[in-house]
Amino acid sequence: MEKIRFETARLIVRDMTNDDCDLVALSWGSPEVGRYMLDPYYENGDQLRQMFTDDELSKHEDWTDEFYFVTTDKASGELNGTACAWLMEDDVWGIGYTINHQWWNQGLATELIHGLEHFIRLQGGKVVSSEIAKANIASLKACYKNGFKDYQETRFQKSGTSIVYDALELRKEL
């Protein structure tokens with residue numbers, strides 16, 4: 001059963017299901033969308049389903065401090081992105097998000113981030129954090145548009161590769 005968590009002006013944001021994994025893997029496995037993700041380049045939905053332990057996606061009713069979402073366009077119903085939110089420490093929540101390549105340059109990431117902020121506030125969160133590769137200019141801009149500020153410099157390695165990115169952790173007090 002799909003559970004809608006929130007909506008924005010143009011997006012419906014709902015819990016990811018096992019059935020979504022095939023389309024999500026295509027997106028995350030693409031060179032454009034998956035480029036700056038910590039996750040590996042997935043080749044198919046089965047690889048992604050294996051990442052979720054204990055059939056985690058079917059237990060979404062039990063989620064309290066870690067959430068996996070897909071986004072769909074309100075007008076067409078087409079899956080056009082993903083997002084996640086997790087409790088990092090105390091009242092600090094981390095976020096991650098993707099927008100499928102054909103939907104880029106429409107302000108959807110900025111809109112999605114704003115929706116995630118509201119969702120996290122409802123969970124009791126006081127601070128939102130996002131770690132972004134410095135080379136991912138579009139994602140940095142989307143967070144800055146939402147009022148995020150530089151918190152610290154970091155680095156991360158893309159899983160399954162030798163690629164290491166210099167990154168920024170950005171934070172925003174809610």
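**Strands, turns and a pocket**

Me: How do β7 and β8 pair, and over how many bridges?
Reply: β7 and strand β8 (residues 164-173) are antiparallel partners, with eight bridges between them. Strands here are DSSP E runs of at least two residues, helices H or I runs of at least four, numbered from the N terminus, and pairing takes at least two DSSP bridges. This is a predicted model, where local features need pLDDT of at least 70 and side-chain atom pairs pLDDT 80 or more, while totals for chains, interfaces and linings use all residues. Residues count from 1 along each chain as its sequence is written, and side-chain values use heavy atoms, without hydrogens or water.

Me: Ok. Which residue in β8 stands opposite aspartate 150?
Reply: Leucine 170.

Me: And how many residues sit between β7 and β8 in the hairpin?
Reply: Six, and glycine 160 in that turn has a positive phi of about 80 degrees.

Me: Zooming out, in what order do the strands of the sheet run?
Reply: The order is β1-β2-β3-β4-β5-β6-β8-β7, eight strands in an open sheet with mixed pairing.

Me: Which strands are at the edges?
Reply: β1 (4-7) and β7 (149-157), each of which pairs on one side only.

Me: Let's look at β5. Is β5 mostly covered or uncovered?
Reply: Mostly covered, with eight of its eight residues buried. Buried is under 20% relative accessible area and exposed is over 50%, with partly exposed in between (1.4 Å probe, protein chains only).

Me: Which residues are on each face of β5?
Reply: Val92, Gly94, Gly96 and Thr98 lie on one side, Trp93, Ile95, Tyr97 and Ile99 on the other, and both sets are buried.

Me: What about the β5 neighbours: how does β4 pair with β5?
Reply: β4 and β5 are antiparallel, with eight bridges. One pairing there puts glutamate 89 against valine 92 of β5. On the β6 side, β5 runs parallel to β6 and three bridges join them, and glycine 94 stands opposite serine 129 in β6.

Me: What's going on with the backbone in the β4-β5 hairpin?
Reply: There are two residues between those strands, and aspartate 90 takes a positive phi near 40 degrees. That residue has this positive phi although it is not a glycine. Aspartate 90 is in the loop between β4 and β5.

Me: Is aspartate 90 buried or exposed?
Reply: Aspartate 90 counts as exposed because its relative accessibility is 71%.

Me: What phi does asparagine 105 have?
Reply: Asparagine 105 has a positive phi of about 65 degrees, and it isn't a glycine either. You'll find asparagine 105 in the loop between β5 and α3. Its relative accessibility is 81%, so asparagine 105 counts as exposed.

Me: Switching to pockets. What volume does the largest pocket have?
Reply: About 1,300 Å³. A pocket is an open set of points on a 1 Å grid over the protein atoms alone, where a 1.4 Å probe fits, with protein on both sides within 12 Å along at least five of seven lines; lining residues have an atom within 4 Å of a point. The volume is the space filled by probe spheres on those points, which are joined across faces, edges and corners.

Me: Which residues are closest to the centre of that pocket?
Reply: Gly96, Tyr97, Thr98, Asn136 and Ser139 are the closest, out of 49 lining residues.

Me: And which elements give two or more residues to the lining?
Reply: The strands β3 (66-73), β4 (79-89), β5 (92-99) and β6 (127-133), plus the helices α3 (108-122) and α4 (137-145). Gly96, Tyr97 and Thr98, listed among the closest to the pocket centre, are also among the buried residues of β5.
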